Amino acid sequence: MKHLLSAADLDREEALTLLDTAEELASVTDRAVKKLPTLRGRTVANLFFEDSTRTRLSFEAAAKRLSADVITFTAKGSSVSKGETLKDTALTLEAMGAQVIVLRHHASGAAQRLAESGWIGASVINAGDGTHEHPTQALLDAYTLRQHLRGGSGDLQGLRVVIVGDILHSRVARSDVALLTTLGARVTLVAPPTLVPVGVESWNCDVTFDFDDALSDADAVMMLRVQSERMNAAYFPSAHEYSRRYGLDSMRAAQLPDHAVVLHPGPMNRGMEITAEVADGHRALIVDQVANGVSVRMAVLYQVLSSEEGAA
Amino acid sequence: MAAARVLDADDVGRVIGRIAHEILEKSRGSSGVILLGIPTRGVPLARRIADRMASIEGHPVPVGSLDVTMYRDDIGLRGPRPLSATDIPAEGIDDAIVVLVDDVLFSGRTIRAALDAVNDIGRPRAVRLAVLVDRGHRELPIRADHVGKNLPTSLAESVQVHLVETDGVDEVLLGSRDSS
Amino acid sequence: MSAPSSDEAIRDASAREIVLRDIRLMGDSQAVDVRFTDGRIAAIGAAAVADAHPEARVIEAAGRIGLPGLVDLHTHLREPGREDTETIETGCQAAALGGFTAVHAMANTQPVADTAGVVEQVWRRGREVGLCDVIPVGAVTVGLSGERLAELGAMAESAARVRVFSDDGICVSDPLLMRRALEYVKAFDGVIAQHAQEPRLTLGAQMNEGELSGELGLTGWPAVAEEAIIARDVLLAEHVGSRLHVCHLSTRGSVEIIRWAKARGIDVTAEVTPHHLMLTEDLARTYDPLFKVNPPLRSADDVEAVRAGLADGTIDIVATDHAPHAHEDKDCEWSAGAFGMLGLQTAIGVVAATMVEPGNLTWAQVGDRMSFAPARIGRVADHGRPLEVGEPANLVIIDPDAPWEVRADRMASRSRNTPYVERTLPVSVWATFLRGRPTVMAGALSGALT
């Protein structure tokens with residue numbers, strides 16, 4: 001695996017290898033020495049054209065636990081904010097010795113473009129590209145679901161996952177649908193019709209506009225963040241109406257089966273798509289997701305960097 | 001070219017018994033001894049040696065597994081290897097006598113990685129090495145404390161260890177590289 | 001360089017008189033001889049050779065196809081303002097190599113071609129270059145801002161004699177302003193060429209809206225945003241009794257609306273670009289902005305519909321929407337990339353591949369769609385004329401047996417953004433004549449001129 005650009009690129013075997021690897025690497029967290037020497041001497045560059053503190057810190061922690069050197073470029077206070085292009089910034093990072101570039105970018109397809117343009121030879125890991133994909137988020141979601149609902153091994157065959165919110169603009173939803181269905185889960189998307197992408201019928205999932213319809217047989221509910229700019233763009237009448245129709249409150253949570261879990265990629269708008277009561281409740285795995293993010297990203301960095309020199 | 005069987009099932013059983021006795025003798029009993037098998041075939045070998053030691057001593061001997069993949073010195077040269085489980089007995093390895101168990105000792109690089117891995121887990125009193133076959137061609141200053149069989153080989157040859165747990169049969173084969 | 005527009009400059013007989021041997025005019029199965037004298041077609045048939053001056057230059061066309069010099073109703077030459085991406089000279093070189101003898105230069109330059117001064121400057125520069133006639137398109141509104149009409153009459157009366165007005169790149173979306181523009185140009189037989197794009201429905205749009213845009217996470221440019229404007233504008237044109245031209249129509253629905261409007265007798269014409277005849281939205285999967293264009297590449301079904309529309313005459317013409325862009329504006333991520341593609345040099349090859357080879361159009365019909373009809377729409381007097389004795393000697397000779405592989409470095413344009421790289425087009429332009437003078441011979445710019 002030279003690059004990780006899209007969750008849709010992963011077949012079942014590749015996805016399971018990543019999850020199994022992450023499972024083994026998670027144990028490092030419990031040791032006195034929370035570090036492996038694996039990527040000593042390798043350089044990982046975090047190139048973040050968009051602010052995302054939690055994703056950046058997660059990749060940094062993952063790289064450091066594998067003993068890689070980390071260079072971080074973020075939009076604020078760097079040449080990126082002075083109008084330097086993706087191409088030039090990537091060339092700069094490669095000149096500094098980066099073998100892998102972890103890219104967060106506001107343009108859909110930016111990671112694929114960086115990987116395929118011939119600008120650089122480094123590996124590229126997509127850490128979120130516009131409204132396209134966020135494959136490591138999908139991996140950590142799959143990992144978290146597997147850990148809590150499938151005993152930490154195997155696939156997600158038969159698992160019923162409901163994803164709720166702004167599907168149209170969500171890279172997380174696209175990656176989750178791709179990866180979770182590859183692993184055998186059945187995904188239902190819930191959103192107001194204005195926030196469902198055109199052509200969603202061709203996606204490998206169900207769509208409903210009624211959240212309550214989807215609750216009773218869900219094994220997991222994933223709530224997506226609603227960006228504040230959507231509220232001013234007539235996607236729905238008001239935050240209040242959105243929250244009433246598509247928010248997860250304790251009344252709705254009570255309709256879930258007892259074993260069902262609640263996920264959120266963060267950062268949450270408490271009181272908007274999820275109430276504090278549910279976010280802090282016993283079903284919520286939101287903190288687990290963060291911890292699992294580090295293990296999953298360690299697995300991705302290992303897979304990408306151990307493939308770098310032309311090996312299979 | 002057909003591979004020659006250099007150890008058959010009975011030989012493998014005998015060798016495991018001898019190694020178990022040697023470890024007990026060298027450690028003056030099983031107290032404080034932990035066996036860590038190196039995946040893949042070092043793990044069942046370690047279990048068998050531990051079982052044999054337990055039947056001699058009359059009480060169980062702690063045994064675990066130690067995956068060394070993330071400590072290897074050839075990351076990026078051979079493509080990603082799948083990770084195996086690292087399973088350290090609950091009592092930990094501090095102040096214990098850790099006996100690393102592997103099937104074949106060759107360049108010594110796997111053992112070098114294992115020593116690093118052990119170092120990150122705890123501080124044992126001593127680390128020893130038991131292998132089923134030592135085929136020579138060391139590339140590092142490493143030697144085994146307990147050897148089932150010394151098997152002089154050429155680099156063109158390959159040594160294949162088969163165990164019931166992983167391959168359905170106990171045997172050691174010596175063949176040419178291409179036929180492996 | 002000589003002063004090519006001046007007949008006085010043509011001194012010796014071999015320059016004044018050219019005999020073309022064995023040329024298949026309009027793709028006719030029968031080859032004939034043709035003689036150009038002093039910039040006009042002087043003879044066709046036996047007399048072409050028999051009465052020729054002994055020193056006349058003889059060119060063996062060897063059965064190649066002769067069409068009237070191509071006329072492009074939609075070209076971006078970027079001068080003035082972005083001479084780093086194209087100049088009138090380099091754009092005219094590309095045009096000549098593509099078989100064009102006249103191109104309409106769109107108004108979205110810097111400054112905008114919204115005054116008589118700017119359009120005359122563009123027109124004169126074209127004359128100086130002398131490779132093809134540059135006919136300026138005037139802006140509909142001042143600065144393309146969509147707020148008030150530019151001085152359309154002044155541009156019409158200028159030396160450039162502007163007849164086509166367009167804010168191309170931007171839609172004249174205000175219905176009242178569009179109505180006024182349609183009405184106003186009637187005074188000088190002008191036409192409004194509308195870039196049909198409802199701006200609110202295409203906020204931040206990046207590619208055709210459909211399954212693929214959802215999958216790729218790129219903001220959709222829905223077909224309805226084009227069709228809604230076309231529907232409104234044909235109704236407006238009917239209401240005020242004016243002439244409307246629809247630029248780069250790209251969807252099945254648009255074809256159906258134009259078909260309906262024509263059946264109703266509305267005076268509307270429409271164009272399709274070569275890229276919308278050949279390429280589909282699937283190219284967006286590369287996220288390479290080389291394939292980013294406005295309107296966007298559409299679905300295979302839309303491609304089928306525009307081909308059918310061009311074949312049955314619903315769509316009147318092929319226009320290139322030749323849009324040069326700097327390397328850095330394409331060598332970037334998709335959303336940062338500029339909209340537009342080169343088109344002049346590849347147009348006839350793409351039309352041959354998509355329309356002639358599959359049997360959708362004959363060569364004679366290509367002559368109509370790429371020369372007669374665009375000249376008629378643009379009210380260009382001395383281009384797009386029948387290949388008859390006495391007509392201006394504007395001619396392209398197409399070699400139907402000379403496929404060529406498109407390479408970016410073979411583009412005469414200052415820019416390199418051709419989407420056809422590594423594709424093989426089935427025919428080549430072998431020669432182009434502007435008023436009897438070769439601007440291209442044997443596929444290269446004619447030496448006398450460069």
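**Domains, contacts and strands: a quick Q&A**

Student: Which domains does chain A have?
Tutor: Going by an automatic or database domain assignment, chain A splits in two. Domain 2 covers 135-289, while domain 1 is made of 7-133 + 293-305. By the way, this is a predicted model, where local features need pLDDT of at least 70, side-chain atom pairs count only at pLDDT 80 or more, and totals for chains, interfaces and linings use all residues. Residues are numbered from 1 along each chain as its sequence is written, with chains lettered from A and ligands numbered from 1 in the order in which they are written. So the names you want, going by that assignment, are domain 1 and domain 2 of chain A.

Student: Which element gives the largest share of the side of domain 1 of chain A that touches domain 2 of chain A?
Tutor: Contact here has a cut-off: C-beta atoms, placed from the backbone, within 7 Å. Domain 1 of chain A puts in 24 residues and domain 2 of chain A 21 residues. Helices are DSSP runs of H or I with at least four residues, strands runs of E with at least two, numbered from the N terminus. With seven residues, the largest share comes from α1(A).

Student: How many bridges join β7 of chain B to β8(B)?
Tutor: Strands pair if DSSP finds at least two bridges between them. Strand β7 (residues 157-162) of chain B runs antiparallel to β8(B), and V161(B) sits opposite V172(B). The number of bridges is six.

Definitions and conventions:
Two residues are in contact if their C-beta atoms, placed from the backbone, lie within 7 Å.
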